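A learner who meets a protein model for the first time may ask how its features are to be read. The dialogue below takes these features one at a time.

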Amino acid sequence: MENEEKSILIKTYSIVFLQQLPEVRGYRNRAFAFMTLYEYAVNARKLAHAPFSKFRVGAAIEYEDGRVFTGCNIENASYGLTMCAERVAVFKAVSEGAGKAIAVMVVADTQTLTPPCGACRQLLWEFCGEAELTMANLAGKRECVSIREIFPRPFDASFL
Ligand SMILES: [Zn+2]
C-alpha cells in the first residue's frame, strides 16, 4: 500500500475513534452509517503486514457498547511471532476495556472463505463466544456461523 493511502486510512480510523469517545453508547448507528463492519474489516486488511506470505487478512469486532475494534495480520521475520488479524482485534479490544462482543467479521481475498485458525478459535471462544462470526471475501461472498459451531468441545475457564 502507498504511504499516502495508508496515512489517509489511519487518519480515518483516528477520526472514527475520537468521535466515539464522547458518546460511546448510541454511536453504533452513526458509526455504521459511516462504515459497516465489513468495510472496517476490508480497510483493516489493507494495513496487513504480510511481506512474506502476501496473505492479507482483516478482522473487525463489534461490541455491545458500540465500539468496533479492528485487526490485521502482522508477520515477523522470525515467522513464529506472526499474529493473526482476529487476535490483534481481540487484544486491542480487551486492552481498551471492551465488554461483550456481538459480531466478528473476518475478510480475506480467497475464493473459499477463510476461517479463523485454531489459535484464533480458542481466543474468539473465550472473548467473543456468543458473537456471530462472518467470514467474507473481497467479492462480497459471506458466510455466517456461530463460534461454537467452528470450535466444538472447547477447553475454557469452566475446567479451571
Ligand atoms: Zn489465527
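The following turns concern the predicted model shown above.

Q: What helices and strands does the protein chain contain, and in what pattern do they follow one another?
A: The protein chain has six helices and five strands. Along the sequence they follow the pattern α-α-α-β-β-α-β-α-β-β-α.

Q: How are the strands arranged in the sheet?
A: Strands of a sheet pair through backbone hydrogen bonds, and the pairing may be parallel or antiparallel. In this model five strands form an open sheet with mixed pairing, in the order β2-β1-β3-β4-β5. β2 and β5 (142-146) are the edge strands, each pairing on one side only. On average, neighbouring strands of this sheet are turned by 15° against each other, direction ignored.

Q: Which strand pairs are antiparallel and which are parallel?
A: β1 and β3 run antiparallel and are joined by seven bridges. One residue to locate here is Tyr-63, whose bridge partner in β3 is Ala-101. β3 and β4, in contrast, pair in the parallel sense over six bridges. Within this pair, Met-105 has Thr-134 in β4 as its bridge partner, and Val-106 has Met-135.

Q: How does the chain cross from β3 to β4, and what is the handedness of this crossover?
A: β3 and β4 pair in the parallel sense. The chain passes from β3 through α5 to β4, and this β-α-β crossover is right-handed.

Q: Is β3 enclosed or open to the outside?
A: β3 is largely enclosed by the rest of the structure, because six of its eight residues are buried.

Q: Which residues have the most contacts inside the largest nonpolar core?
A: In soluble globular proteins, nonpolar side chains tend to be buried together. Here the largest nonpolar core has 38 residues, and Ala-41, Ala-59, Ala-60, Ile-61, Val-104 and Val-106 have the most contacts inside it. At least two residues of this core come from each of α3, β1 (57-63), β2 (68-72), α4 (85-95), β3 (101-108), α5 (118-128) and β4 (132-137). β3 gives the most to this core, with six residues. Over the whole protein chain of 160 residues, 31% count as buried.

Q: With which residues is Ala-59 in contact, leaving aside its neighbours within four places in sequence?
A: With those neighbours set aside, the contacts of Ala-59 include Ala-41, Ala-44, Thr-70, Gly-71, Ala-85, Ala-89, Val-104 and Val-106. For the protein chain as a whole, among contacts with a separation of 6 or more, 61% join residues 24 or more positions apart.

Q: How do the buried residues of α5 lie around the helix?
A: In α5, the buried residues are Cys-120, Leu-124, Phe-127 and Cys-128. Seen down the axis of α5, they fall within an arc of 85°, so they line one face of the helix. Gly-118 and Ala-119, on the other side of α5, are exposed. The buried residues of α5 pack against β1, α4, β3 and α6 (147-150).

Q: Where does α3 pack, and how is Lys-46 placed in it?
A: α3 packs on the sheet, where it touches β1, β2, β3 and β4. The direction of α3 makes about 140° with that of β1. Lys-46 belongs to α3, which covers residues 37-46. Lys-46 is partly exposed, because 13 other C-beta atoms lie within 10 Å. Although Lys-46 and Cys-72 are 26 residues apart along the chain, their C-alpha atoms are separated by 7.9 Å.

Q: What is the sign of phi in Lys-54 and in Arg-153, and where are these residues found?
A: Most residues other than glycine have a negative phi. In Lys-54, phi has a positive value near 60°. Lys-54 is found in the loop between α3 and β1. In Arg-153, phi also has a positive value, near 50°, and Arg-153 is found in the segment after α6.

Q: Are Lys-54 and Arg-153 buried or exposed?
A: Lys-54 has 9 C-beta neighbours inside 10 Å, so it counts as exposed. Arg-153 is exposed because 5 other C-beta atoms lie within 10 Å, where 12 or fewer is the cut-off for an exposed residue.

How values were computed
Residues are numbered from 1 along each chain as its sequence is written. This is a predicted model: local features need pLDDT of at least 70, side-chain atom pairs count only at pLDDT 80 or more; totals for chains, interfaces and linings use all residues. Helices (H or I, at least four residues) and strands (E, at least two) are DSSP runs, numbered from the N terminus. A residue is buried if 20 or more other C-beta atoms lie within 10 Å of its own, exposed if 12 or fewer, and partly exposed in between; C-beta atoms are placed from the backbone. A nonpolar core is a set of buried Ala, Val, Leu, Ile, Met, Phe, Trp, Tyr and Cys residues joined through C-beta atoms within 7 Å. Two residues are in contact if their C-beta atoms, placed from the backbone, lie within 7 Å. The arc is that of the directions from the helix axis to the C-beta atoms. Two strands pair if DSSP finds at least two bridges between them. A crossover is right-handed if, with the strands pointing away from the viewer, the path from the first strand over the helix to the second runs clockwise. Axes are lines fitted to C-alpha atoms, for helices over the stretch in contact, and angles run from 0 to 180 degrees between N-to-C directions.
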